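Work through the exercises below with the sequence and the model open. Each task is followed by a solution in steps.

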Amino acid sequence: MNFQKKIIITGILLTGLKLGAQDLSMDYYSYLYNKFNINPAYCAKDDKMSAILDLRQRAGLSSNNAMFGIKSTLSQNQGIGARFISDNRNAFQVFKADATYGYKLKIDDKQNLTFGISAGLETKSLNVTKIKNYDQLDPTDPALESSNLNSTVFSAGAGLIYSMKNFEFSFSSPQLVDGAQKINPNMIFMTNYKIPLKNDINITPEIFYFNLPVVKNYGGIQVKGDFKNTIWTQ
């Protein structure tokens with residue numbers, strides 16, 4: 001199995017249309033430069049095998065995100081992958097590990113539909129030592145043992161990619177099933193079009209839209225530039 005080596009220069013320039021007063025959408029699912037993180041169908045698309053590591057620290061806040069993912073094609077039409085996600089926000093911590101499977105359906109010489117599913121476990125925990133004056137907390141307080149703060153649950157998601165030449169549209173529901181919730185309405189829509197320029201340079205405008213279950217929805221636009229699909233920035 002051949003590895004495709006890539007040099008990645010990541011500069012993020014996002015011009016966002018913010019529909020809510022509070023931006024909680026950029027969580028551990030919303031790395032827009034790492035689509036495998038938000039859509040399991042990408043495990044059956046592009047590279048024969050690739051791995052990616054995302055790290056983010058919010059300036060001035062006690063919160064950080066990390067994601068490691070690896071994916072590989074099994075055949076011309078199938079792919080598998082694994083993802084490990086850690087999201088820490090002050091005292092609240094989430095860790096998730098899941099596996100993905102994708103299948104590419106060829107419509108004709110120009111069009112493809114790629115389906116993907118994911119399944120794994122999600123653990124939520126509350127680290128009371130990070131709460132101010134935590135020594136004054138009542139350890140018997142049932143609120144501290146709430147399932148919303150401390151639990152390990154089954155989690156599953158699904159995604160779809162439609163491709164036609166240089167056009168791509170994708171839809172995903174990263175937490176379609178999340179523990180006690182039978183259906184989670186968190187949905188992500190993305191569409192882009194690659195514009196080839198001279199000297200193996202491409203420009204790809206992309207529009208994204210998040211339908212979020214708790215906060216209000218979020219949309220925006222970004223532009224990616226790449227050289228031979230090896231060095232890129234966006």
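A salt bridge here is a side-chain nitrogen of Lys or Arg within 4 Å of a carboxyl oxygen of Asp or Glu. The model is predicted, so local features need pLDDT of at least 70 and side-chain atom pairs count only at pLDDT 80 or more, while totals for chains, interfaces and linings use all residues. Residues are numbered from 1 along each chain as its sequence is written, and side-chain values use heavy atoms, with hydrogens and water left out.

**Exercise 1. Salt bridges**

Task: Find how many salt bridges the rule gives, and state for K35, K106 and K124 which residue each one pairs with.

Solution.
Step 1. Applying the rule gives seven salt bridges. Side chains of opposite charge can pair when their charged atoms come close.

Step 2. K35 pairs with E168, and their closest N and O atoms are 3.6 Å apart. Since K35 sits in the loop between β1 (15–18) and β2 (49–57) and E168 in strand β8, this pair ties together parts that are 133 residues apart in sequence. For burial, the classes are buried (under 20% relative accessible area), exposed (over 50%) and partly exposed (in between), with a 1.4 Å probe and protein chains only. Both K35 and E168 are buried. The two residues also belong to a salt-bridge network with K45 and E206.

Step 3. K106 forms a salt bridge with D109 at 3.7 Å, N to O. Both of these residues are exposed.

Step 4. K124 meets E122 at 4.0 Å, N to O. K124 counts as partly exposed because its relative accessibility is 21%, whereas E122 is buried, with a relative accessible area of 0%.

**Exercise 2. Strands and pairing**

Task: List the secondary structure content, then trace the pairing from β6 through β7 to β8.

Solution.
Step 1. Helices (H or I, at least four residues) and strands (E, at least two) are DSSP runs, numbered from the N terminus. The protein has zero helices and 13 strands.

Step 2. Two strands pair if DSSP finds at least two bridges between them. β6 and β7 (residues 151–164) run antiparallel and are joined by 14 bridges. K124, met above in a salt bridge with E122, has S151 in β7 as its bridge partner.

Step 3. β7 also pairs with β8 (residues 167–178), in the antiparallel sense, over nine bridges. Within this pairing, A158 stands opposite S173 in β8.

Step 4. β7 and β8 make a hairpin with two residues between them, and K165 in the turn has a positive phi of about 55°.

**Exercise 3. Surface and burial**

Task: Which residues form the nonpolar patch, and which element gives the most to it?

Solution.
Step 1. Accessible areas come from the Shrake-Rupley method with a 1.4 Å probe; for residues, only the protein chains shown count as cover. The protein exposes about 13200 Å², of which carbon and sulfur atoms supply 60%. Of its 234 residues, 38% are buried.

Step 2. Patches are made of residues with over 30% relative accessible area and no salt bridge; like charges are joined within 9 Å, and nonpolar side chains (Val, Leu, Ile, Met, Phe, Trp, Tyr) within 5 Å. The nonpolar patch consists of L74, I80, Y101, Y103, L105, F115 and I117, with about 620 Å² of accessible area together.

Step 3. Two elements, β5 (92–106) and β6 (111–126), give two or more residues to the patch. β5 gives the most, with three residues.

Step 4. F115 is found in β6, and its 39% relative accessibility makes it partly exposed.
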